[in-house]
Amino acid sequence: MPLDFTKHFVAVPTEFKLRNNTDCSWKVTVKLMNVRVTLDQGWATYAAVHQIKIGYMVAFKLLTPYTLKVIIFNDDGIEVVNKCGKHDKAFATKE
């Protein structure tokens, strides 16, 4: 994530809830690496379950200090609509 992203926080959270366009939620941990904020545990599974491919663009919008809205666009620039599918029980969150 861009370095400017951290200016929105007094302290960067250790975990975010990712919310997609159908309001499904997913938990990922956050890691600070080389002065950059990266999504860590849970992100690879999220990307696989939501079929994010090379060439896709992923946009994040900060909804709350602990929640990011994730918007996925395919390589044609069309927003991908993700249904709540089979989530890894360790990372899926209940509302």
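K61 has K69 in β5 as its bridge partner, and that pairing is a good way into this predicted model. Residues are numbered from 1 along each chain as its sequence is written. In this predicted model, local features need pLDDT of at least 70, side-chain atom pairs count only at pLDDT 80 or more, and totals for chains, interfaces and linings use all residues, while side-chain values use heavy atoms, without hydrogens and water.

Let's stay with β5. Strand β5 covers residues 67-73, and five of its seven residues are buried (under 20% relative accessible area, with a 1.4 Å probe and protein chains only). Strands pair here if DSSP finds at least two bridges between them, and β5 has these partners:

| Strand paired with β5 | Residues | Bridges | Direction |
|---|---|---|---|
| β1 | residues 15-19 | three bridges | parallel |
| β4 | residues 57-64 | seven bridges | antiparallel |

On the β1 side, K17 stands opposite T67 of β5. On the other side, a hairpin through two residues connects β4 to β5.

Now for the whole chain. The protein has one helix and five strands, in the order β-β-β-α-β-β along the sequence. Helices (H or I, at least four residues) and strands (E, at least two) are DSSP runs, numbered from the N terminus. Of the 95 residues, 31% are buried. Contacts are heavy atoms within 4.5 Å; among those between residues at least 6 apart in sequence, 48% join residues at least 24 apart. Finally, the protein exposes about 6,400 Å², with carbon and sulfur atoms supplying 54% of it, by the Shrake-Rupley method with a 1.4 Å probe.

Technical notes:
Buried means under 20% relative accessible area, exposed over 50%, partly exposed in between (1.4 Å probe, protein chains only).
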